[in-house]
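This report describes selected features of a protein structure for a reader new to the subject. Please look over the sequence and the model before reading on.

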Amino acid sequence: MSASPAHGVAEFAALGTGARILTTQASLAAAAAEIVARYVERIDEACSRFRSDSELARVNRRSGGWTGVGPVLAEALAVALRVARMTGGAVDPTVGAALGRLGYDRDFVLVVDGDGEVRLRPEPAPGWRTVELDERRGRVRIPRGVELDLGASAKALAADGAAARAAGALGCGVLVSLGGDVAVAGPPPPGGWAVLVTDHHAAGPDAPGEVVTLGDGGLATSSTTVRRWTRGGVTLHHILDPATGLPVAEHWRTVSVAASSCVDANAAATASVIWGARAPDWLARHHLPARLVDGRGEVVRVAGWPQPEDDG
Amino acid sequence: MRSHQQAASERDRLLRRLRGWTTASVIGAFGLAGVLSLVAATTFPGRSAHASAPSGSQSGSSTPSPAPTNASTPPTAAPETPATPAAEDPPTPQPPATGVGSGRGRHSGAVSGGS
């Protein structure tokens, strides 16, 4: 596997992970990166659970009462609630407190393995239906003690929004990858954007995986192999089942999904990790091309995901 | 005789008054119900009634909650011809318009992986 140098490329750190921007015109990569960085910063200021000055942190601090929110957070909350409805509650924004109880209460680079005791008693998340979003008045109310986490959908929303803005402003094809959540907009390169799909977004270009092409929409991968940490000798990861508030059993190690937007791709990928063996049916029913890798490395492809023997 | 007429007159007067109270009570009850409905609609705006509902399904500031679902079970697909208003159905994801093709081993420098 090798990388094609035909596009403009720019990279920077964002949202606690890495951003990678590709443009069909090499000379526009820097301008695209500037547009993307600006938009991603707005998302971070509004939606970060770890920044004490973010709007979301304020909403969490003021749980129990109405809190005014700006248009960026209002959109992100609406998207998170839509994702929750779409996935039957599998991807739920009210798992913030559960993540905190497990030790994921700060930017992941600052989460360290520790001997501290961890309570693994099942405790369902409060549930997305407890979130009252009044978009007309720009305010939200969550029950006292509930903490929202938009990590599952806000990063994908940022990728979608950033790609659309950059492509619209520059008139070229743009690919935005935020920590492996990929969104494309504008005219793609001939044959589409070729994307390496693998367990970890930061893996090198020769990491084991498959290369697929994408002409529109988004491609996202959720994996239990990343954002892992230990507490009291117990290995934990960041994908929680809202029904238990605990990391999901690892039926699928990694799930990649393509959809008409990165938000939907991310939602479907994360929900599939949670649903386990029931996920392929749902993905096929919605015609979402997907690649699911189980704990032993066995791969299941559904809804038109290309077979590896297609590789030339 | 006169006393009997007076008693009947008094009875009729009381009955008229009772009818008046009944009518006023009914009108008042309807009015109060209307006012309370308005207050409730303004005070409890519902859960993301605007952006999260499919277009054309927004009928006010409150959206009925869908039936409870188990997060560990994928939701069932919406029927081909919805028998209920669209707001009752969960939104459905769409595949990319151009699908996914084989990259034949050569990628453009973008990686999709867990993060």
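## Composition of chain B

Chain B contains 1 helix and 3 strands. Read from the N terminus, its elements follow the order α-β-β-β. The model discussed here is a predicted one.

Chain B has 115 residues, and 26% of them count as buried. Its accessible surface amounts to about 7400 Å². Carbon and sulfur atoms account for 61% of that surface.

## A residue in helix 1

Helix 1 of chain B spans residues 2-43, and Q5(B) lies within this helix. The relative accessibility of Q5(B) is 48%, so the residue counts as partly exposed; the category lies between buried, under 20%, and exposed, over 50%.

Q5(B) and P74(B) are 69 residues apart along the chain. The distance between their C-alpha atoms is 79 Å.

## A sheet built from both chains

Strands of chains A and B form an open sheet of 4 strands, in the order 1(B)-10(A)-9(A)-3(B). The pairing in this sheet is mixed. Its edge strands both belong to chain B: strand 1 (100-102) and strand 3 (110-114), each of which pairs on one side only. From one strand to the next, the twist averages 40°.

How many bridges join strand 9 of chain A to strand 3 of chain B? There are 4 bridges between these strands, which run parallel. Strand 9 of chain A covers residues 193-200. H200(A) is placed opposite G114(B), a residue in strand 3 of chain B.

How values were computed: Residues numbered from 1 in each chain as written. Chains lettered and ligands numbered in written order. Predicted model: local features only at pLDDT ≥ 70, side-chain atom pairs only at ≥ 80, totals over all residues. Heavy atoms only, no water. Pairing = 2+ DSSP bridges. Helix = DSSP H or I, 4+ residues; strand = E, 2+ residues; numbered from the N terminus. Axes fitted to C-alpha atoms, helices over the stretch in contact; angles between N-to-C directions. Buried < 20%, exposed > 50% of the residue type's maximum accessible area, 1.4 Å probe, protein only. Areas by Shrake-Rupley, 256 points an atom, 1.4 Å probe, with all protein chains shown as cover.
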